[in-house]
Amino acid sequence: MHNFVKFVHKIKLKYARKMWPLINNDWIILIVLGASVAVLSFAVDVAVSALNKARLHLYTTAAETNIFAGIASWVLPIVGMVILSMIISQRISPYAAGISEIKTILRGVVLKEYLTLKTLISKLIGLTVVLPSGLPIGKEGPFVHIGGIVATLWCKLFALISHDDKNQNYYVEMVAAGCAVGVTCTFGSPIGGVLFSIEVTSVHFALRNYWRGFFSAVFSAIVFQLLGILTSNYDSVKTFSPTEFSLKSPYALQELLAYAILGILCGLFGALFVIWHKQVCVFITRKNQYIYPLTVATLVSAITFPEAGGSVTKSLITSKNILDELFSNFTWSEAPENSYQLNVISQWSHENFSIYFALLFFILYTFIMSGICITLPVACGMFTPVLLIGAALGRLFGELLVIYFPNVSSLKIVPGSYALVGAAAFSGAATQTVSTAVIVFELTGQIVYMVPVLLGVALSIVIATYMYPSIYDVGIYLKRLPFLPNLLPTSSAVHKVCVRDFMLSDLKYLTLQFTYKEIKDLLDSTKKMRTFPLVDSRESFVLIGTVERRDLELLIEQRLCDEERRKVARHCKLKRKFNCLNTMHGKTDIASLTKRDDIDDGGKSVKILIDPGVCHAAIKLLRGKRKHKVEFDCDLNSEEREQWEEERMNAVPNYKNLAIDYAPFQLVHTTTLFRAHAVFSLLSLQRAYITNCGRLVGMVNLENLREAVEGARLFGGSPMSADTERDELQSVEKNVSVKSYWRQKKRRRCMNTTFNKAQLFVYPSRAISQLRQPLHCLNDVIAVTLKLWLF
């Protein structure tokens, strides 16, 4: 029996060695990743639908009995869901993340707390609780984060089972695939999800990650659609929001101008939405974490109450149904032809105002409240409300075009097509991504209006890019995450500005002549600095390499460790006792002596002369009556300790024993901003040392480079060096006040169009003023084109 067990165990190990390399392949992990995220997304959708139906059923039941019961049954569930989701998100895992954090992680920054199992549980529960509340939020942002977490957990599990350690770059590549899966599971768009994850999360995307994202997204879409068929009465696969536009002559050539104007409007309003969201984020940083969500939830429940503003905000209709109605293929101002058209028109009609005002009020409500609600400390996304705003804006534009310009073309105007263009253009302006057009194609299932959608998205992104950064870049800036913004493709300043214009020249450094004391003083004066450059001397300043802070701290700790100090104290104590015993026995002229050499840590040889008789007497005296070992647990007094530490710290360390990086990344001082940005983005660098003929002249870190890029994006001028700014302040005469100096400095900056980081995000009007001249020209072109078009 024992031999049989050994034989089975041997066969098991033999086949396990052959099978695990096959199981631990990338394609197996990607299939499991896509299927698991699809199951999680479908489970969240089912739970959200059930909770939303229960909330609406509770309201209808209570409203039939009493008006006050109806108000309480409407307000309390919304407030309770928001507060409960906030508590879950804060208590289980406070590391709430979205696309901004994933974008930072994919750049190479290690944020381990954001990709843990606790964070996954917190995201899933919090998202399931808050989505049925009726707030204008979505789930795409959290599911991008969930996809990254699931990818990391699966990779760690497979690596643990197969005993195969993966490097950090491999996990980053799998997180990129998880982001594509997260977008796919939200709208059922594998191609758009992959392209969106590339545009949003990566500055430079490696082509080797493309097949990973696409492969996993395809399996995720298949599983997601299969689960939808199994749990519904549909016999075939359906898209997220199917449309029924005519395939024969869908639009006239003259309508392209109208689509272009809509794209420009969406670009302007998309940039304003980002500005509004940023101002709300700045405002809530000083608010209480419980009072603010409670206030917002109460305000939303009061506005969306069905008997008050619910008919305008469409609080009894889900976001998917609203999107279906906005994409509908008929004109709302005309008489309905069937029951479906009658139902849609009745949903958007009101006894006090027309359909157009209902659309306008819906746009204003979603625009204002979604900018507020996505700042709540709960798991939420912003892509769905942005789609709704763009679709409603496009629908309003199309309906007005039917009324005021009915004869604009020989073909019938379809307002639903303008809703399609508006949804893609507005979401593209807010996120500054072209892949929103592909997502719209996939969620509607038609590419009939491919040219108008691409035209509107392109124009909206052009306008929004020059006005303000994307909503994800704003989130990175507000959260102080280390990330570089994109360079403008049409900016020539990036080729004129060099790294010497904005580098840090006042560096903290090490030389080969530094003593332990100088190293300790350097560490104490720079608490936040993690890496120090090592030069050969203060005269030549040739860069040798870099040394990590932890290595220097370990070097100082070993130099002044307690064990070495007690060792010296034991030698001193024994020497004093031997001298005392020699005096007691009167042996000043010792004939027979033995020598024992010992070497201390300072490199000096200590010779202790011991008389054998005295040594025997000393040991006998120390042991006493009980025979035990001599205890040498002693220490130096304060004066001896200070003297010993001073002697130890004045020595020069042996740098060969340190872990020195002899090849730190270096840039020549004439390197342009364009090249520096490309190098930092491709290699995920945190810092680079600037040299001139091998001599260290400065350093550029991620913060300096980001300020320079933002300056080039906004003004196209040369950014001012931090050292130049400090030298200017020191050179001011004593009779000039500081206030007048800064007033003159601000005036000079405005004249020279140098960069000020606060102007980019705090004063957006300055950025908009840069567009006045080109926008005036654009208005003239549009006016002339309209005249030619109409007359």
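## A three-stranded sheet

Three strands make up an open sheet, ordered β1-β2-β3, and their pairing is mixed. The edges belong to β1 (510–511) and β3 (543–548). Each of these has a single partner strand, so one side of each has no neighbour in the sheet. This is a predicted model.

Look next at how β2 meets β3. Strand β2 covers residues 531–535 and pairs with β3 in the antiparallel sense. Five bridges link the two. Take Phe532 as a case: its bridge partner in β3 is Val547.

A helix joins the picture. Helix α22, residues 549–559, lies across β1, β2 and β3. Relative to β3, helix α22 runs at about 75°.

## The whole chain

Now step back. The chain has 791 residues, and 49% of them count as buried. It holds 32 helices and eight strands.

Many contacts link distant parts of the sequence. Take the contacts in the chain with a separation of 6 or more: 76% of them involve residues 24 or more positions apart.

## The β7–β8 hairpin

Strands β7 and β8 run antiparallel, joined by six bridges. Strand β7 spans residues 687–692, and β8 spans residues 695–701. One of the paired residues is Arg687, whose bridge partner in β8 is Asn701.

Two residues lie between the strands of this hairpin. Cys693 sits there, in the loop between β7 and β8. Its phi is positive, near 60°, although Cys693 is a residue other than glycine. Is Cys693 buried or exposed? Cys693 is exposed, because its relative accessible area is 82% and the cut-off for exposed is over 50%.

## Arg695 and its distant neighbours

Arg695 belongs to strand β8. Its relative accessibility is 39%, so Arg695 counts as partly exposed. That value falls between the cut-offs of 20% for buried and 50% for exposed.

Which residues does Arg695 touch, leaving aside neighbours within four places in sequence? The contacts are Glu539, Ser540, Phe541, Val542 and Ile690. Phe541 is 154 residues away along the chain, yet its C-alpha atom is 5.4 Å from that of Arg695. Ser540 takes part in another way: its backbone oxygen is reached by the side chain of Arg695 at 3.5 Å.

## Two helices that cross

Two packed helices are described by the angle between their axes and the distance between the axes. Helix α17 covers residues 415–431, and helix α18 covers residues 435–444. Their axes come within 9 Å and cross at roughly 140°. The crossing of α17 past α18 is right-handed.

Which residues meet there? From α17 come Leu420, Ala424, Ser427, Gly428 and Thr431. From α18 come Thr436, Ala437, Val440 and Thr444. By class, this contact has four nonpolar residues, five polar ones and no charged ones.

## Val440, a buried residue in α18

Val440 is part of helix α18. Its relative accessible area is 1%, so Val440 is buried. Beyond its neighbours within four places in sequence, Val440 is in contact with Leu387, Leu420 and Ala424.

Two of these contacts, Leu420 and Ala424, are in α17. Leu387 lies 53 residues from Val440 in sequence. In space, the two residues are 9.2 Å apart, C-alpha to C-alpha.

## The loop between α17 and α18

Gln432 is placed in the loop between α17 and α18. Not counting residues up to four places away in sequence, Gln432 touches Ser427, Ile461, Ala464, Thr465, Tyr468, Pro469 and Ser470. Among these, Ala464 offers its backbone oxygen, which the side chain of Gln432 reaches at 3.4 Å. Ser427 also appears among the α17 residues that meet α18.

## Lys314, another positive phi

Where is Lys314 found? Lys314 sits in the loop between α12 (310–313) and α13 (319–326). Its phi is positive, about 55°, although Lys314 is not a glycine.

Is Lys314 buried or exposed? Lys314 counts as buried, because its relative accessibility is 4% and buried means under 20%. Cys693, by contrast, is exposed.

Conventions
Residues numbered from 1 in each chain as written. Predicted model: local features only at pLDDT ≥ 70, side-chain atom pairs only at ≥ 80, totals over all residues. Heavy atoms only, no water. Helix = DSSP H or I, 4+ residues; strand = E, 2+ residues; numbered from the N terminus. Buried < 20%, exposed > 50% of the residue type's maximum accessible area, 1.4 Å probe, protein only. Contact = heavy atoms within 4.5 Å. Polar contact = N/O pair within 3.5 Å; in protein donor to acceptor, adjacent residues only side chain to side chain. Pairing = 2+ DSSP bridges. Axes fitted to C-alpha atoms, helices over the stretch in contact; angles between N-to-C directions. Left-handed = near helix turned anticlockwise from the far one by under 90°. Nonpolar A, V, L, I, M, F, W, Y, C, P; charged D, E, K, R; others polar.
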